[in-house]
Amino acid sequence: MIEGSYRLPELFETTRYILRRVKVSDAQLIFDGYAKDPKVTRFLGWKPHSSNVDTTAFLNIATAEWDRGTGFPVIAFHRERPNELIGMFHPHLMGHQVTYGYVLRATAWGQGAASEIMTWLVDHALSHPEIFRVEAFCDVENRASARVMEKAGMTFEGVLRRYFLHPNISDTPRDCMMYAKVR
Ligand SMILES: CC(C)(COP(=O)(O)OP(=O)(O)OC[C@H]1O[C@@H](n2cnc3c(N)ncnc32)[C@H](O)[C@@H]1OP(=O)(O)O)[C@@H](O)C(=O)NCCC(=O)NCCS
């Protein structure tokens with residue numbers, strides 16, 4: 001039995017990856033790794049960062065969530081290459097639900113990293129007694145992200161029309177695919 005509200009550990013490992021709580025001082029690493037890359041941000045809710053000042057501003061907000069217990073942003077590294085950033089996973093706690101965002105640097109795509117880590121995160125959340133639902137959504141054209149959610153055990157629940165603004169694709173809100181796993 002786990003005591004208290006759901007939280008992520010500040011450091012944990014999956015089969016191939018090591019993940020830790022992100023810090024504001026990771027801004028340059030994240031800016032260089034993916035935040036400046038328009039290929040990576042194409043389906044995301046933010047435009048590519050123009051300098052590490054943008055990344056620092058984001059991390060100031062994201063890291064404060066951990067202290068409040070509302071969000072648990074972690075960055076991933078390969079266990080055998082611990083200086084090489086893979087990307088970020090960002091679970092948010094909303095009552096009995098956990099919702100996820102995730103982003104990987106382009107050179108880490110296609111190796112099963114997001115599926116492996118999301119599978120770990122989904123199983124971890126649903127093993128907590130207060131969590132009954134985990135969910136994530138993606139743009140209707142983001143096939144890779146949809147597949148990650150399927151591989152993490154989530155089920156397609158439907159298209160949420162005009163659900164979220166993806167400003168690198170359109171100036172108006174986009175249709176999104178919602179996936180979830182419940183217990
Ligand atoms: C989406 C993203 C996280 C996927 O990460 P990844 O580690 O490359 O994904 P995985 O390797 O674990 O698995 C991807 C799956 O999608 C499939 N896939 C990849 N590109 C695809 C495409 N264009 N169309 C259909 N399937 C695709 C892969 O084949 C794989 O499925 P399979 O194992 O059945 O073959 C990564 O591409 C990314 O960071 N993209 C930019 C940010 C983003 O879109 N984040 C999600 C926002 S909702």
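Biologist: How many nonpolar, polar and charged residues does the shell around the ligand have?

Modeller: Happy to start there, with the reminder that this is a predicted model. Around the ligand there are 21 residues, of which Ala114, Ser115, Arg143, Ala144 and Arg147 come nearest. Sorted by class, the shell has twelve nonpolar, seven polar and two charged residues.

Biologist: Which element gives the largest share of the shell around the ligand?

Modeller: Strand 5 (97–104), helix 4 (113–126) and helix 5 (143–151) are the elements that give two or more residues to that shell. The largest share amounts to five residues, and the element providing them is helix 5.

Biologist: Let's turn to a helix pair. Is helix 1 roughly parallel or roughly perpendicular to helix 3?

Modeller: The axes of helix 1 (residues 27–35) and helix 3 (residues 52–68) come within 9 Å, and they cross at roughly 110 degrees. Angles from 65 to 115 degrees fall in one class, so helix 1 is, relative to helix 3, roughly perpendicular.

Biologist: Good. Is the crossing of helix 1 and helix 3 left-handed or right-handed?

Modeller: This one is quick to settle. For helix 1 and helix 3, the crossing is right-handed.

Biologist: And how many charged residues are in the contact of helix 1 with helix 3?

Modeller: Helix 1 brings Ala27, Gln28, Ile30, Phe31 and Ala35 to the contact, while helix 3 brings Asn52, Thr55, Thr56 and Leu59. By class, these residues divide into five nonpolar and four polar, and the number of charged ones is no more than what remains: no charged.

Biologist: Now a single residue. Does Leu85 count as buried or exposed?

Modeller: Leu85 lies in strand 4 (residues 81–94). Its count is 21 C-beta neighbours inside 10 Å. A residue needs 20 or more to pass the cut-off, so Leu85 counts as buried.

Biologist: What distance separates the C-alpha atoms of Leu85 and Ile30?

Modeller: Leu85 touches Leu29, Ile30, Gly33, Ile75, Phe77 and Arg105, leaving aside residues up to four places away in sequence. Ile30 is also one of the helix 1 residues in the contact with helix 3. Leu85 and Ile30 are 55 residues apart along the chain, and their C-alpha atoms are separated by 7.7 Å.

Biologist: One last backbone check. What is the phi of Arg162 near?

Modeller: Arg162 lies in strand 7 (residues 155–164). With 10 other C-beta atoms within 10 Å, Arg162 is exposed. Most residues other than glycine have a negative phi. Arg162 has a positive value instead, near 50 degrees.

How values were computed:
Residues are numbered from 1 along each chain as its sequence is written. This is a predicted model: local features need pLDDT of at least 70, side-chain atom pairs count only at pLDDT 80 or more; totals for chains, interfaces and linings use all residues. A residue is near a molecule or strand if its C-beta atom, placed from the backbone, lies within 6 Å of it. Helices (H or I, at least four residues) and strands (E, at least two) are DSSP runs, numbered from the N terminus. Ala, Val, Leu, Ile, Met, Phe, Trp, Tyr, Cys and Pro count as nonpolar, Asp, Glu, Lys and Arg as charged, and the others, Gly among them, as polar. Axes are lines fitted to C-alpha atoms, for helices over the stretch in contact, and angles run from 0 to 180 degrees between N-to-C directions. Angles under 35 degrees count as roughly parallel, over 145 as roughly antiparallel, 65 to 115 as roughly perpendicular and the rest as oblique. A crossing is left-handed if the near helix is turned anticlockwise from the far one by less than a right angle, and right-handed if clockwise. Two residues are in contact if their C-beta atoms, placed from the backbone, lie within 7 Å. A residue is buried if 20 or more other C-beta atoms lie within 10 Å of its own, exposed if 12 or fewer, and partly exposed in between; C-beta atoms are placed from the backbone.
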